Amino acid sequence: MPNQALAEQGTVMNPLIPVVGKIIKIVEETPDVKTFHVTTENGKPFTPLPGQLAMVSMLPIGEAMFSITSQGENHLEFAIKKVGMLTEALHEAAVGQQIGIRGPYGNGFPIEICKGKDLLFIGGGIGLAPVRSLINYCIANRQDFGKLHVIYGARSPQDLCFKDDLFENWPKVMDMQVDVTVDKGDENWSGNVGFVPAFLEQINPSPEGKVAITCGPPIMIKFVLQSLAKMGYTPEQIITTLEMRMKCGIGKCGRCNIGSCYVCLDGPVFTLAQLNQMPNEY
Amino acid sequence: MLGVKKNNLNNFLEKISSGYQLFVPAEVEGTTRFTAYQAGVQLALERNTVVPPKELFFPQTEHMYCYKAHKQEAAVEEIAAACEPRVLFGARPCDVQSLAVLDDVFLTKGYEDLFYKNKRENTLVIALGCRKPEPTCFCSSLGVDPSGTELADVMAWDAGEALVFEAKSDKGKKFLEENSAQLEDLAGVTQPTAECTMVLQVEGLTAKLQKMFEHSLWNEICKKCLNCGTCTYLCPTCHCFDIQGKTRGESGVKFRCWDSCMYQEYTLMAGGHNPRPSKKERVRQRFLHKLQYIPERYGKWGCVGCGRCVVKCPVNVDITRIIKQIGEVSLDA
Ligand SMILES: Cc1cc2nc3c(=O)[nH]c(=O)nc-3n(C[C@H](O)[C@H](O)[C@H](O)COP(=O)(O)OP(=O)(O)OC[C@H]3O[C@@H](n4cnc5c(N)ncnc54)[C@H](O)[C@@H]3O)c2cc1C
Ligand code: SF4
Ligand code: SF4
Ligand code: FES
């Protein structure tokens, strides 16, 4: 059926053409990360699954792929780090700015694998953005999941994203634990100081009945995976998300393949067991 | 068989072009490619075209939408992907097979590319059987029959003094009926057959490549490649594209254009990380894409054996030699 995936989630007919959306709220998370709330004339642009992506564009500057970090009744949220032309332009934009948006793309998190299990979320820096969509989903469907445990780190206290969630909202949720670390503290920081992988090993959450979901800078992921293996997690129990350069988002432009897999379509979410089957080229 | 005498061919094409937009293989500015039929066009029917017909379905640059941006406001207007009914005349069996590869890419796996789909659906394909495959042709090793293809709407053959036709689809049958006034029954004329002289062993190639990602062969193969991209632009199955914009003042147009995995920029990410940082990874990607990844994903070869890259590579990186080299690799060593 033509473009069924898109149609079911309520979006436009030609998957390469954006609709016009509008920034309705901007939250400054850190000196270089802002969260943008985006809506369209007809309300929410579409209804993504946790972990799905969208192409966001500032006309005429450019277009790039971002995780949809959360959604509300009428809007989608993107946490965007300033790294280049497009992201700088977005950081300069004010509420009311119209932008282009198309999606949703990608597979999203495997909810079925997570259901009924305890979930361990391990994030670093902006890497909490994709994971947050799943965390919020679990909170909204609390009875479907076991214990929720977030281990999150950033370079410094001021680089922590989603501070309201980390310190206010999430700790209040039933059976939910949040542990935060920073690479380097400051005079006001009384929490843990140290890298995420070491902090993880220190807390040492048991792999029993658990699924671990990790996302962050490549170097953090690399060491987190080693720590998880040491702690007895199997590759089937570990879920992560990948980033590749993307243009089309729908598996046509050829840009984002790893072997015969297209990250924009078959990913960005993979279990470690799946990644182990793929060529090491990411 | 039903056919057209060669001295009548121009009349025949003229007639078709009054009902359809007709594309024919022709000499154009020092090369050969498919071009819109018009009086005086220099038909090139002897050998396959240098430029494949892919550009009729997936143009080198293609406008997608217009936009306006003024202060905080933005507007997007789709450029309709509409297409008049067309006839592609004279595509060789390998290039018709390449359309099957492009169909898989652009029309399956959940999303349809409407720009491609509109052109594809509105184009009737008349394939032309090869009489004498070139020394660089190896389509028969990859499951293509140079004498003819079932994937076209109409099959045509050069039978010496005449071109003869056979319908291969309902659409093709209707087309021949529509044009029956132009066709005569050429008693005794039969379709010629042809075979590639080059034969390659490809059995088990994909399975073998699955074990060769880290093999030292790629270090060797990549050495002389210039990463010029010629091979990818001339390949009838290469489909990678970039999305770019042209802006004038407050408005502009977004278009897509061919891109190539041979370029370093292609996979370069924010922060400077590049999963394919050197020639080795890029050359490996190209050959694995054709011979392993497309077969894994779509169940057919990503190379149709047309030999264009073999002929046009400035430093003679030769996919047929590489297929042989892969065959000679012993994996136990
Ligand atoms: C699946 C996925 C999810 C992502 N989620 C987020 C997110 O939630 N938050 C966030 O801040 N960022 C996210 N990104 C990264 C984001 O796409 C890039 O930061 C963005 O493209 C940079 O664009 P720019 O125009 O500001 O930079 P540019 O000025 O275009 O480019 C700076 C550098 O980025 C490279 N680049 C261009 N496009 C991409 C791309 N799509 N991916 C990686 N590098 C690129 C360029 O080659 C250049 O080297 C995600 C990327 C992917 C693929
Ligand atoms: S045409 Fe030859 S030199 Fe140019 S990129 Fe292709 S293989 Fe390399
Ligand atoms: S890889 Fe070379 S021989 Fe194969 S289809 Fe492409 S251009 Fe033709
Ligand atoms: S972004 Fe085009 S194929 Fe994945």
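**Exercise 1. Place A:F223 in this predicted model: which helix holds A:F223, and is A:F223 buried or exposed, or in between?**

Start with the secondary structure: A:F223 sits in helix 7 of chain A, which covers residues 218-230. Next, check the surface. The relative accessible area of A:F223 comes to 37%. Buried would need under 20% and exposed over 50%, so A:F223 counts as partly exposed. Finally, look along the chain: A:A198 is 25 residues away from A:F223 in sequence, and their C-alpha atoms are 8.9 Å apart.

**Exercise 2. Do the same for A:H91: is A:H91 buried or exposed, and which residues is A:H91 in contact with once neighbours within four places in sequence are left aside?**

Helix 2 of chain A, residues 85-92, is where you'll find A:H91. With a relative accessible area of 8%, A:H91 is buried. Now for the company it keeps: skipping neighbours within four places in sequence, A:H91 touches A:D32, A:V33, A:K34 and A:F36, along with A:I80, A:K81 and A:K82.

**Exercise 3. Work out how helix 3 and helix 4 of chain B pack: at what angle, and through which residues?**

Get the geometry down before the side chains. Helix 3 (residues 93-107) and helix 4 (residues 114-121) of chain B pack at about 140°, and their axes are 9 Å apart. That angle makes helix 3 of chain B oblique to helix 4 of chain B; roughly antiparallel would take over 145 degrees. The crossing of these two helices of chain B is left-handed.

Then go for the contact itself. Helix 3 of chain B brings B:L99, B:L102, B:D103, B:F106 and B:L107, while helix 4 of chain B answers with B:Y116, B:K117 and B:R120. Sort the residues of this contact by type and you get five nonpolar, three charged and no polar.

**Exercise 4. Describe the ring pair B:Y233 and B:Y263: what are the centre distance and the plane angle, and which parts of chain B does the pair tie together?**

For scale, the whole structure has 11 aromatic pairs over all chains. In the pair of B:Y233 and B:Y263, the centres are 6.4 Å apart and the planes are at 55°, which is tilted. B:Y233 belongs to helix 8 (residues 230-234) of chain B and B:Y263 to the loop between strand 12 (251-258) and helix 9 (279-298) of chain B, so the pair ties together parts 30 residues apart in sequence.

Check the surface too: B:Y233 is partly exposed at 24% relative accessible area, and B:Y263 is partly exposed at 25%.

Last step, zoom out. Ring pairs join B:Y233 and B:Y263 into a cluster with B:F57, B:F58, B:F106, B:Y116, B:F241 and B:W258. Two of those names should ring a bell: B:F106 and B:Y116 also turned up in the helix contact of Exercise 3.

Conventions. Residues numbered from 1 in each chain as written. Chains lettered and ligands numbered in written order. Predicted model: local features only at pLDDT ≥ 70, side-chain atom pairs only at ≥ 80, totals over all residues. Heavy atoms only, no water. Axes fitted to C-alpha atoms, helices over the stretch in contact; angles between N-to-C directions. Helix = DSSP H or I, 4+ residues; strand = E, 2+ residues; numbered from the N terminus. Parallel < 35°, antiparallel > 145°, perpendicular 65-115°, else oblique. Left-handed = near helix turned anticlockwise from the far one by under 90°. Contact = heavy atoms within 4.5 Å. Nonpolar A, V, L, I, M, F, W, Y, C, P; charged D, E, K, R; others polar. Phe/Tyr/Trp six-rings, centres within 6.5 Å; stacked < 30°, edge-to-face > 60°. Buried < 20%, exposed > 50% of the residue type's maximum accessible area, 1.4 Å probe, protein only.
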